Amino acid sequence: MESSEKTEEEKRPQKIAGTVNWGAATVIGVFAGLLYGGSKEAAASVSKDAEVMLKLGSTPDKREQYRLMRDAMEKRFIRVTRGSIVGGIRLGMFTAAFYGLQNLLAEKRGVHDVYNVVGAGSATAATFGLIMPGSLHWRARNVMLGSALGAAVCFPLGWLHLKLVEKANEGSGTTDGNEVKGGVGAAIERLEEHLNK
């Protein structure tokens, strides 16, 4: 039984250093989209609330005022909820596509570098430009623009990410004979050594 478990572990590809966990990034993207979409709709509701307040001032009947206020609050709740859900789905899909493509490129190429980030950003932005509404000519324009902007934005971000990963892994090595320190532990030790000097 142990030999079959070892062969399954050996068959599993090793994660390349610097790649991001796809599932965790997608969940974070969904929650960030929920917050962004909800806050955007809540901010847009302010002008509609002003209209309700004007109606309340012109209505002397207390029951009518209560009904207007309740209807306004229900509509606002529905708008904010819908904005949160749509924002979460959009940003979650974008994040999942981006990190999925980035990890796929890193696995197929066998190296994690800035070109994986640029390729994933360009392909994801082009895909989302393709699904935008409009004519075929408009969609083709969105694909080209999305591809160029995705690559232009992702190149410096990918380079920065790569440099941060290199800096975090810079001090990895043996410290006390058999113990290996790497990543955050090594970065903390380097910071402590620098502060003690």
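In this predicted model, confidence varies among the elements of the protein chain: helix α4 has the highest mean pLDDT, 89, and strand β1 (residues 173-174) the lowest, 48. Over residues 174-178 the pLDDT falls below 50, and this stretch has 4 contacts in the model beyond near neighbours in sequence. Where pLDDT is low, the predicted coordinates should not be read in detail. For the protein chain as a whole, the average pLDDT is 79, and 79% of the residues reach at least 70.

The overall architecture can be set out next. The protein chain contains 6 helices and 2 strands, arranged along the sequence in the pattern α-α-α-α-α-β-β-α. Of its 197 residues, 25% count as buried. Among contacts between residues at least 6 apart in sequence, 59% join residues at least 24 apart.

Helix α4 merits a closer description. This helix covers residues 114-130, and its 17 residues should span 24 Å at 1.5 Å a residue; the end C-alpha atoms are 24 Å apart, so the model agrees with the expected value. The buried residues of α4 include Val-114, Val-117, Val-118, Ala-120 and Gly-121, together with the polar-named positions Asn-116, Ser-122 and Thr-124. Towards the end of the list stand Ala-125, Ala-126 and Gly-129. These buried residues pack against two other helices, α3 (62-109) and α5 (136-169). As a general point on helix geometry, an α-helix has 3.6 residues a turn, so residues three or four places apart point the same way.

From the α3 side, Gln-102 offers a specific view of this region. Gln-102 lies in helix α3, and its relative accessibility is 2%, which means that it counts as buried, the cut-off being under 20%. Which residues does Gln-102 contact, leaving aside its neighbours within four places in sequence? They are His-112, Asn-116, Val-117 and Ala-120. Of these partners, Asn-116, Val-117 and Ala-120 are among the buried residues of α4.

The surface completes the account. The accessible surface of the protein chain comes to about 14,000 Å², and 65% of it belongs to carbon and sulfur atoms. Met-53, Met-69 and Met-73 make a nonpolar surface patch of about 280 Å². Of the residues in this patch, Met-53 is placed in helix α2 (residues 22-58), while Met-69 and Met-73 fall within the range of α3 (62-109).

Technical notes:
Residues are numbered from 1 along each chain as its sequence is written. This is a predicted model: local features need pLDDT of at least 70, side-chain atom pairs count only at pLDDT 80 or more; totals for chains, interfaces and linings use all residues. Side-chain values use heavy atoms; hydrogens and water are left out. Helices (H or I, at least four residues) and strands (E, at least two) are DSSP runs, numbered from the N terminus. The expected span of a helix is 1.5 Å times one less than its number of residues. Buried means under 20% relative accessible area, exposed over 50%, partly exposed in between (1.4 Å probe, protein chains only). Contact means heavy atoms within 4.5 Å. pLDDT is the predictor's confidence in each residue, from 0 to 100. Patches are made of residues with over 30% relative accessible area and no salt bridge: like charges are joined within 9 Å, nonpolar side chains (Val, Leu, Ile, Met, Phe, Trp, Tyr) within 5 Å. Accessible areas come from the Shrake-Rupley method with a 1.4 Å probe; for residues, only the protein chains shown count as cover. A salt bridge is a side-chain nitrogen of Lys or Arg within 4 Å of a carboxyl oxygen of Asp or Glu.
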